[in-house]
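I opened this model to look up a few things before going back to the bench. My notes are below.

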Amino acid sequence: MGETGKEEYKIQSFDSETQKLLKTALKDPSNVDLEKVANIIVDQSLKDSVFSKEAGRICYTIIQAESKQVGQSIFRRSLLNRLQQEYKDREELRTRSLQAWICYVTFICNIFDYLRVNNMPMMALVNPVYDCLFRLAQPDSLQKEEEVSAGRAADVPAVLPRTCKKHSPGGAQEPPLLCAQHLLFLLKVDCLVLQLHRIGEQLEKMNSQRMDELFSLLRDGFLLQEGLSSLSQLLLLEIIEFRAADWKMTDAAQKYYYSEVTD
């Protein structure tokens, strides 16, 4: 029941006509154009970083409702076709808009997390998800700063690594003022480190060799790449240790990386 309320809340960011369409899709999918619904959800996910994190839950609900009501998978097929289209054009998307690219990776990881076939993640999504995470781990991606301007981190995670919170002169009461490099890397964290926290263990079970290759790239970035900020290095080290601990956060690591900074 709590999940449904959360889905409804996210839908309220749309205009009234689209809200009505999506609410119908969630409860009575046979009465709406599900291909249109899939496109609406993907379009919104590419421009709304908050929605892209929650859209997987909405898609899962519609897929379940359609399966129970009519025993079909029109919505899932339309959704995967659109994801495939965006995947093929991912470099163009990344060049055109870094924010849209980050939203896309967040969204496809969300879909991978929610969609199941015989209670297993969809094999068709494994390599596309890996490819997106590999792209985020490339040196030019880790250091790309000019596409993000400095600003107040209003929508970054509530619990930030302690080195980041030290940038806030007002302590935990106010979101920290971040330079472009730190704000950009927080966006990258959402796509790389936080997504690995969320789906890394599932991905490794599906293809352990590619996970080994990805973490080899991350270790090289941590050890060899010049110009990384201390925050970037800290976050790379954190995810490397997280995987080494069998995808678990030890008490010591939790205290070290995410301890609150008090006055």
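These entries go from the whole chain to one helix, its neighbours, and then some rings and a loop.

**Entry 1: the whole chain**

I note first that the model is predicted. I looked up the secondary structure and found 15 helices and four strands in the protein chain. The chain has 263 residues, and 49% of them count as buried. Then I checked the contacts between residues at least 6 apart in sequence. Of these, 70% join residues at least 24 apart.

**Entry 2: helix α7**

I picked helix α7, residues 98-114. It has 17 residues and runs 25 Å from its first C-alpha to its last. The expected value at 1.5 Å a residue is 24 Å, and the helix is close to that. Is α7 mostly covered or mostly exposed? It is mostly covered, with 16 of its 17 residues buried.

**Entry 3: α7 against α5**

Next I looked at how α7 packs. Two packed helices are described by the angle between their axes and the distance between the axes. I began with helix α5, residues 74-88. The axes of α5 and α7 come within 12 Å and cross at roughly 145°. The crossing is left-handed.

Which residues meet here? From α5 I list Leu-79, Leu-83, Glu-86 and Tyr-87. From α7 I list Tyr-104, Phe-107, Ile-108 and Ile-111. Tyr-87 came up again when I checked charges over rings. Arg-90 lies over the face of Tyr-87, at 4.0 Å from the ring centre.

**Entry 4: α7 against α8**

I moved on to helix α8, residues 123-136. Its axis is 10 Å from that of α7, and the two pack at an angle of about 145°. This crossing is left-handed.

The α7 side of the contact is Trp-101, Tyr-104, Val-105, Ile-108, Cys-109, Ile-111 and Phe-112. On the α8 side I wrote down Leu-125, Val-126, Pro-128, Val-129, Cys-132, Leu-133, Arg-135 and Leu-136. Tyr-104, Ile-108 and Ile-111 are named in the contact with α5 and also in the contact with α8.

**Entry 5: Val-105 up close**

I chose Val-105, which lies in α7. Is Val-105 buried or exposed? Its relative accessibility is 0%, so it counts as buried. What does Val-105 touch, leaving out residues up to four places away in sequence? I found Cys-132, Leu-133, Leu-136 and Cys-191.

I then followed Leu-136, which lies in helix α8. Leu-136 has a relative accessible area of 1%, so it is buried. The C-alpha atoms of Leu-136 and Val-105 are separated by 9.2 Å, and the two residues are 31 apart along the chain. I also checked Pro-128. Its C-alpha is 9.5 Å from that of Val-105, and 23 residues separate the two along the chain.

**Entry 6: aromatic rings**

How many aromatic pairs does the structure hold? I count five. One of them is Tyr-60 with Tyr-114. The ring centres are 6.2 Å apart and the planes stand at 45°, so I call this pair tilted. Tyr-60 sits in helix α4, residues 49-70, and Tyr-114 sits in α7, so the pair ties together parts that are 54 residues apart in sequence.

I checked the accessibility of both tyrosines. Tyr-60 is at 35% relative accessibility, so it counts as partly exposed. Tyr-114 is at 18%, so it counts as buried; the cut-off for buried is under 20%.

I also found one aromatic cluster, formed by Phe-215, Phe-242 and Trp-247. Phe-215 has a charge over its ring: Arg-243 lies over the face, at 4.9 Å from the ring centre.

**Entry 7: the loop between α14 and α15**

Last, I looked at backbone angles. Most residues other than glycine have a negative phi. Asp-246 is not a glycine, yet its phi is positive, about 65°. Trp-247 is not a glycine either, and its phi is positive at about 60°.

Where does Asp-246 lie? It is in the loop between α14 (230-244) and α15 (251-258). Trp-247 has its place in the loop between α14 and α15 as well. I compared their burial. Asp-246 is partly exposed, with a relative accessible area of 46%. Trp-247 is buried, at 8%. Trp-247 is also one of the residues in the aromatic cluster.

Definitions and conventions: Residues numbered from 1 in each chain as written. Predicted model: local features only at pLDDT ≥ 70, side-chain atom pairs only at ≥ 80, totals over all residues. Heavy atoms only, no water. Expected span 1.5 Å × (residues − 1). Buried < 20%, exposed > 50% of the residue type's maximum accessible area, 1.4 Å probe, protein only. Phe/Tyr/Trp six-rings, centres within 6.5 Å; stacked < 30°, edge-to-face > 60°. Lys NZ or Arg CZ within 6 Å of the ring centre and 35° of its normal. Axes fitted to C-alpha atoms, helices over the stretch in contact; angles between N-to-C directions. Left-handed = near helix turned anticlockwise from the far one by under 90°. Contact = heavy atoms within 4.5 Å.
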